[in-house]
Amino acid sequence: MIRRSMAVVLGLAALTLAGCAPAHGFAAPLPSASPTDLQPGLLGAGDLPQGYIRIASVTNADGVVSIGGGDFPGCPALEPMTTERTTAAAVTYSQGITGPYLTHALVRFPSGEAATSMAKLAETATSCRRFTQNLAGVTVTFTVEPRPAPPSLADQAVALRMTGTTNVNLSVNAEIVALRRGDLVVWLNDMSIGTTPPGIAASLAKAATDRCRRTLPGC
């Protein structure tokens, strides 16, 4: 059981890191901003609580930004926020193999498309309130619920809590905060395995939007 539990931990950790992974190239045109342009808007290790270490980053134009890499067939609505028409930059920090993990991403959409993506994300709290699927070889039952969002920071704000329970006495939990400022979305994903996330996604929302506003035109 210990060996199987460790395999599950490693599998779930891999899914967590997939939320900041590169995808294949797209043929459709991307927004004018490049991922390099977006990099200055990302939080650094010094902006996070002590103990977080940078473990992954995306600097190419087709980085996937989603909850756990978007690998949730039980809830098709939980697809990556990024598409062939977006430009993204992201970074992930961690305190260890079981987390907590913190992914901070910036996604620039073509004019008018960010609002649609935000509305779709918000709807998951209704369409995927509870669903079951197989992850890393075990059955996981997820619940998704809305959380208080900081509307004063953005044109649109969505906050969600995602809780997964398994049949091997492990859990996977995530808190997500997405803030739209014009055609830019500030994404914060706080994820952990076996424990409740510390809630730094919500606590870092103001710092992340302030940095975006200072460094990126149109934010």
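The exercises below work through a predicted model of one protein.

**Exercise 1.** Find how many helices and strands the protein has, and the order in which they come.

Solution. Start with the counts: there are 5 helices and 8 strands. Next, read along the sequence, where the pattern is α-α-β-β-β-α-β-β-β-β-β-α-α. The pattern opens with two helices and closes with two helices. One helix stands between a run of three strands and a run of five.

**Exercise 2.** State what share of the residues is buried, and describe the exposed surface.

Solution. The protein has 219 residues, and 50% of them count as buried. Turn then to the surface: the protein exposes about 9,600 Å². Carbon and sulfur atoms supply 55% of that area.

**Exercise 3.** Take the contacts between residues at least 6 apart in sequence and find what share joins residues at least 24 apart.

Solution. Within this set of contacts, the share that joins residues at least 24 apart is 66%.

**Exercise 4.** Locate the disulfide and describe its geometry.

Solution. A search of the whole structure gives 1 disulfide. Its partners are Cys212 and Cys219, with an S to S distance of 2.0 Å. This lies within the cut-off of 2.5 Å for a pair of cysteine sulfur atoms. The angle about the S-S bond is 120°, and the link of Cys212 and Cys219 is right-handed.

**Exercise 5.** Decide whether Cys212 and Cys219 are buried or exposed.

Solution. The test for buried is a relative accessible area under 20%. Cys212 has 0% relative accessibility, so Cys212 counts as buried. Cys219 has 14% relative accessibility, so Cys219 also counts as buried.

Notes: Residues are numbered from 1 along each chain as its sequence is written. This is a predicted model: local features need pLDDT of at least 70, side-chain atom pairs count only at pLDDT 80 or more; totals for chains, interfaces and linings use all residues. Side-chain values use heavy atoms; hydrogens and water are left out. Helices (H or I, at least four residues) and strands (E, at least two) are DSSP runs, numbered from the N terminus. Buried means under 20% relative accessible area, exposed over 50%, partly exposed in between (1.4 Å probe, protein chains only). Contact means heavy atoms within 4.5 Å. Accessible areas come from the Shrake-Rupley method with a 1.4 Å probe; for residues, only the protein chains shown count as cover.
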